[in-house]
Amino acid sequence: MFTLKAGDKVGIASPAGLLNSPEEIKLPLDYLEALGFECILGKHVFDQNYYMAGTDKNRAADLHDFFKNPEIKAIFTTAGGCGSQRLLPLLDYDLIKNNPKPVFGLSDNTALQTGIYTQSGIPSVTGFSLKYDFKTGHINELLEQSLKAVINGEKQTITSGETLTRGTAEGTLIGGCLSLVRSLCGTPYFPDLKDKILLLEDVGEKTYKLDLMLTQLRQQSGFGKIKGIIFGIFAGCEEADDGDGSVDDILNNFVSELPQDIPVIKNFLYGHIPGRYVLPVGTNVRINADKCLLEYL
């Protein structure tokens, strides 16, 4: 775990989707500064290259600048969207490993965070995005409470969700957005699943696609050695055609084919929803699916 304190410098990077204007992150930057942080913007935060915030080379360069700067204590990503996976072959993982600091992000940044963990063992923080979390003009109360707990280095104990399969387990929490975890399959950046607790959510996907993505995960080497699963909220995920199955149908069917000693929680408050928990990934946790409890160790 880590702790940030007032006066710390934090890097602001755009490793994924582009920003349409500086106004999109004015409120979150004001918020971080009100918490006492000095925000240092990457050179290419407002760049544009197709749907991404600049070229792969320049977006990776911003991350390298922040990792090698000892004054920067954490990196906050501006937005999700698309494109962070493209950076993974360009990153200097020895630099990252020797200068560990958390990357805060959500959605598409799952690929970046997972790749960093796989190649360097460095944890990140999923569940907070500057642009997304201030689009209504203010931060959600639950999100803010959880974010501050992470920033202050508190070991959260969270009760949320519903029991899908009973049991308890300890392992390393990894994951985030399902479609981004799935997109890493077959690459060097897909994590070793042994002794892991998977955290999975998604947004706007048709339910048959959720089924196919989960099937692909189950077919990965080492999947049989996972310790547990936490399903977040699958916001806006609906049937393409009648009879495809609801989100609950897909999750229930998927879990029915797993060993019954793997605890599973569903509807945990994490995902593309305003009120969610901010969660360090790449760190050790205990889950109790009977009580829908997640505890950081």
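This passage describes the sheets, helices, cores and cysteines of a predicted model.

The main description begins with an open sheet. Eight strands form this sheet, in the order β6-β14-β13-β8-β9-β10-β11-β7. The pairing is mixed. Strands β6 (157–159) and β7 (162–165) are the edges, and each pairs on one side only. Neighbouring strands are turned against each other by 30 degrees on average, direction ignored.

Within this sheet, β13 (residues 283–288) and β14 (residues 293–296) pair in the antiparallel sense. Four bridges join β13 and β14. I287 faces a partner in β14, L294, which stands opposite.

Two helices are placed against these strands. Helix α4 (residues 109–120) packs on the sheet and touches β8 (168–177) and β9 (196–203). The direction of α4 makes about 130 degrees with that of β8. Helix α7 (residues 207–218) lies across β9 and β10 (228–235). The angle between α7 and β9 is about 160 degrees.

A further set of strands centres on β3 (residues 72–77). Five of the six residues of β3 are buried, so the strand is mostly covered. Strand β1 (residues 9–13) pairs with β3 in the parallel sense, over five bridges. Here G11 stands opposite I75 of β3. Strand β4 (residues 103–105) also pairs with β3 in the parallel sense, over two bridges. The bridge partner of I75 in β4 is V103. Between β3 and β4 the chain passes through helix α3 (residues 93–98), and this β-α-β crossover is right-handed. I75 thus has a partner in β1, G11, and another in β4, V103.

The interior was then examined. The largest nonpolar core holds 49 residues. L91, I116 and F231 have the most contacts inside this core. Helix α8 (residues 247–256) gives the most to the core, with five residues. The surroundings of I116 were listed without its neighbours within four places in sequence. Its contacts are F67, L91, Y93, I96, V103, G121 and I122. L91 is therefore both a contact of I116 and, like I116, one of the residues with the most contacts inside the core as buried nonpolar side chains define it. Another core lies apart from the largest one. This second core has 25 residues, among them I25, F37, F76 and I139.

S179 offers a local view. This serine lies in helix α6 (residues 178–183). S179 counts as buried because its relative accessibility is 13%, under the 20% limit. Leaving aside neighbours within four places in sequence, S179 is in contact with D202, E205 and M213. D202 belongs to the range of β9 (196–203), and M213 to that of α7 (residues 207–218).

The cysteines were considered last. A disulfide is a covalent bond between the sulfur atoms of two cysteines. The count in this model comes to zero disulfides. C185 shows why one candidate fails. The closest cysteine sulfur to that of C185 is in C177, 13 Å away, so the two are too far apart for a bond. The cut-off for a disulfide is 2.5 Å between sulfur atoms. C185 is itself buried, because its relative accessible area is 12% and the limit is 20%. C39 also counts as buried, with a relative accessibility of 14%.

Definitions and conventions. Residues numbered from 1 in each chain as written. Predicted model: local features only at pLDDT ≥ 70, side-chain atom pairs only at ≥ 80, totals over all residues. Heavy atoms only, no water. Pairing = 2+ DSSP bridges. Axes fitted to C-alpha atoms, helices over the stretch in contact; angles between N-to-C directions. Contact = heavy atoms within 4.5 Å. Core = buried A, V, L, I, M, F, W, Y, C linked by side-chain atoms within 4.5 Å. Buried < 20%, exposed > 50% of the residue type's maximum accessible area, 1.4 Å probe, protein only. Right-handed = clockwise from strand over helix to strand, strands pointing away.
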